[in-house]
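Q: Got a minute to go through this model with me? I'd like to see how each label is earned.

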Amino acid sequence: MLDQIKSVLEENLRPHEKFIYGFADLKGLLPEDLAFFISGISIGRRLDDAILDKVTDGPTLAYYEHYRSINEELAGISAKVCDELKKHDINCEGIKPTMVIGGDEFKPYFADLRYKVSHKMVATRAGLGWIGKTDLFVSKAFGTRLRLTSILISKPFPIQSVPVNKSRCGKCNICVERCPAHAATGKLWDIHTDRNEFFDPWKCRRMCAEMGLKYLKEDKLVCGVCVAVCPLGQDRKRQNHL
């Protein structure tokens, strides 16, 4: 089954250099109504460096449009991959990127700003990276400059990924210091540390609303500063140009 899954992914994740993926053991990690899904695929799509480099003190319209475009692209990819897997009798469900969710599906999010399935959790279980001090996913491949989607699978299969259980940000505080909302405490994430212990999503959300009005002159929730300033994202960009 793993070979079939890899074949479908390789066919749909093109160009390959813009994507990463990994496999996760999700037993006991999903809500009750999804508990029959015991495995998962995390897919990451790299963001454009030229666009991110122009996000300095606040968002640009190009970043906002790119962000939404990549989310829509990933939603389409996860749906297509899942459709292909079902042809191989692999029961699965694609989980849209967070900013594509809408309608009644979106309403529970506003209670605590948490989604039913955390793409970052799936990605850490797949060994693709960790969660940074401003609650960004930090990938080994692209740093913070990516978006995520997930596919849940009901069957077990050989998973060789080594989960990432704690932050690798160390003493770096650049995102904390540059966060316009001052939403992060600087505490490091690990699998035993709840998001609210190191990051206030409500402060972030309020600032994103202010940023949309200030920089885009529109009622849009967007910032992107922490994504742009993370040195790991910038380092990965430089390495790819060597």
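A: Sure, starting with the sheet: four strands make an open sheet in the order 1-2-6-3, with antiparallel pairing. This is a predicted model, where local features need pLDDT of at least 70, side-chain atom pairs count only at pLDDT 80 or more, and totals for chains, interfaces and linings use all residues. Residues are numbered from 1 along each chain as its sequence is written, and side-chain values use heavy atoms, with hydrogens and water left out.

Q: What makes strand 1 and strand 3 edge strands?
A: Each of them, strand 1 and strand 3 (92–95), pairs on one side only. Two strands pair if DSSP finds at least two bridges between them. The strands themselves are DSSP runs of E, at least two residues, while helices are runs of H or I, at least four, and both are numbered from the N terminus. From one strand to the next, the twist averages 20 degrees.

Q: How do you know that strand 1 and strand 2 pair?
A: Seven bridges join strand 1 to strand 2, against a required at least two, so they count as a pair. They run antiparallel. One of the bridges links Asp 25 to Ser 39 in strand 2.

Q: Why is Thr 149 called buried?
A: Buried means under 20% relative accessible area, exposed over 50%, and partly exposed in between (1.4 Å probe, protein chains only). Thr 149 has a relative accessible area of 0%, so it is buried. Thr 149 sits in strand 6. Its contacts (heavy atoms within 4.5 Å), leaving aside neighbours within four places in sequence, include Ile 41, Leu 74, Ile 95 and His 119.

Q: What makes the Thr 149 side chain and the backbone oxygen of Ile 95 a polar contact?
A: A polar contact is a pair of N or O atoms within 3.5 Å; within protein, one must be able to donate a hydrogen and the other to accept it, and residues adjacent in sequence count only if both atoms are side-chain atoms. Here a polar atom of the Thr 149 side chain lies 2.7 Å from that oxygen, so the distance fits the cut-off.

Q: Why does Thr 144 count as buried?
A: Its relative accessibility is 4%, so Thr 144 is buried. Thr 144 is in the loop between strand 5 (137–139) and strand 6. The side chain of Thr 144 reaches the backbone oxygen of Val 227 at 2.9 Å.

Q: How do you know that the buried residues of helix 1 are on the same side?
A: The buried ones in helix 1 (residues 2–12) are Leu 2, Ile 5, Val 8, Leu 9 and Asn 12. They cover an arc of only 130 degrees around the axis, which puts them on the same side of helix 1. The arc is that of the directions from the helix axis to the C-beta atoms. Exposed Asp 3 and Glu 11 are on the face turned away from the buried side.

Q: What span should helix 8 have?
A: The expected span is 1.5 Å times one less than the number of residues. For the 16 residues of helix 8 (residues 201–216) that gives 22 Å, and the end C-alpha atoms are 21 Å apart, which agrees.

Q: Why do the buried residues of helix 8 line one face?
A: Seen down the axis, they fall within an arc of 150 degrees, so they line one face of helix 8. Among them are Met 207, Cys 208 and Met 211. Arg 206 and Lys 214 are exposed on the face turned away from the buried side.

Note on methods
Axes fitted to C-alpha atoms, helices over the stretch in contact; angles between N-to-C directions.
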